[in-house]
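Thank you for making time for this at the group meeting. Please have the sequence and the model open while I talk.

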Amino acid sequence: MSPTASDIELSSPPDDSISALAFAPNADDQLLVASWDGELRLYDVTSNSLKSHFSHKAAVLGCCWGSDNKRAYSGGLDSWVRAFDLESETTTVLGAHTSTISSIIHHTATNTVYTGSWDQTVRAWDPRTPSSNPAAYAQPERVYGIDAADNTLVVAMAGRLVNIYDLRMMKESTSNGGPLCEPTQRRESSLRFMTRTLACMSDGKGYAMSSVEGRIAVEYFDPSPKAQDKKYAFKCHRQSVDGVDLVWPVNSLAFHPKFNTFASAGSDGTVSLWDHTAKKRLKQYPKYASAVTAIAFTNTTGDKLAIGVSYAWDEGEDGLKREVAANGGRVIQVRVRTVGDECKPRGAK
């Protein structure tokens with residue numbers, strides 16, 4: 001897809017697939033981009049320029065901002081948790097997991113960085129005090145993704161397991177020789193196949209999670225039967241080609257900060273907007289040159305959506321060769337789309 005007035009392509013894209021995107025909490029023009037080339041990049045969207053970049057020893061799988069626009073955090077395959085002072089362009093290592101860090105978030109109310117890892121732990125880091133011994137909360141399986149809404153933390157794991165925590169009650173206890181924090185709720189994903197990602201609702205009432213099999217589940221925190229009756233799952237990011245139903249992973253989810261609708265990104269190269277209350281798709285944007293591996297709304301107004309376009313290795317090396325040939329070379333793009341009323345729920349004024 002070529003750039004338009006509402007969809008620009010940023011210069012100096014990563015050299016490998018994009019894994020995560022994050023806009024600054026108080027600046028809609030500052031965008032972090034994490035990628036498999038081992039770099040965390042900071043872009044100025046307004047000037048369409050690469051401001052700075054930070055090298056890692058391996059692929060960067062997650063990134064987030066602190067409570068202001070001056071600090072950022074990342075984690076990935078090398079298992080280190082890094083903090084970046086974006087003004088001085090200096091790096092601090094907060095500590096490390098014993099395996100890959102799959103997800104990282106910052107909880108503003110407590111100024112705590114939470115990381116989820118394949119080492120079957122969630123860890124809490126105080127960014128003011130680098131330490132090799134953060135609070136570690138054992139999980140029953142490898143952590144694929146974490147997210148938080150208000151004081152609720154959601155942990156999605158292998159085996160379709162989901163733990164839900166109250167961050168005000170995160171206390172370690174000992175079980176089988178290791179630290180264990182009992183969740184307030186234990187759940188099993190209503191999706192039959194492996195969890196790909198999750199995102200919490202902007203209103204703090206629940207979350208959405210996706211699978212590798214082109215489905216999204218909408219869940220609610222309230223355990224009452226009335227609230228649980230509202231949860232559901234649906235098919236998406238599928239194509240019918242010559243009578244064959246092609247099913248694509250849903251790689252990324254992002255809730256709009258004002259309207260509480262959400263966007264989904266798939267390996268089919270499309271981004272869709274959803275009104276989960278009305279159970280309707282609001283819009284699907286035109287197909288991009290390759291899979292969409294990450295998306296993120298701006299945090300203040302939600303009037304921009306960052307879109308990471310890059311090969312997701314769903315069809316192996318042969319698939320990469322076909323895409324490169326079809327698109328005349330590189331298919332990696334960081335795009336920023338201006339969005340508006342298409343994100344509003346059905347019936348909203």
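I will go through a sheet, two annotated repeats, a surface patch and two backbone angles.

Before that, a word on the basis: this is a predicted model, in which local features need pLDDT of at least 70 and side-chain atom pairs count only at pLDDT 80 or more, while totals for chains, interfaces and linings use all residues. Residues are numbered from 1 along each chain as its sequence is written, and side-chain values use heavy atoms, with hydrogens and water left out.

Let me begin with the sheet, which is open and has 4 strands in the order 26-27-28-29, paired antiparallel. Strands here are DSSP runs of E with at least two residues, numbered from the N terminus, and two of them pair if DSSP finds at least two bridges between them. Strand 26 (250-255) and strand 29 (280-284) are at the edges with a single partner strand each, so one side of each has no neighbour in the sheet. Between strand 26 and strand 27 (residues 262-266) there are 5 bridges, and Leu253 has Ser264 in strand 27 as its bridge partner.

What does UniProt place at residues 94-126 and 250-284? The record, an unreviewed entry, gives the feature "repeat: WD" for both stretches, and such annotations may be inferred rather than shown by experiment. Residues 94-126 are 0% helix (helices being H or I runs of at least four residues) and 64% strand, with the end C-alpha atoms 8 Å apart. For residues 250-284 the values are 0% helix and 60% strand, and there the end C-alpha atoms are 14 Å apart.

Turning to the loops, is Leu77 buried or exposed? Leu77, in the loop between strand 7 (71-76) and strand 8 (80-85), counts as partly exposed because its relative accessibility is 33%; buried means under 20% relative accessible area, exposed over 50%, and partly exposed in between, with a 1.4 Å probe and protein chains only.

Finally, two residues other than glycine have a positive phi, and I will take them in turn. Ser12, in the loop between strand 1 (7-9) and strand 2 (18-24), has a phi near 55° and, at 40% relative accessibility, counts as partly exposed. Asp150, in the loop between strand 14 (143-149) and strand 15 (152-157), has a phi of about 55° and counts as exposed, at 58% relative accessibility.
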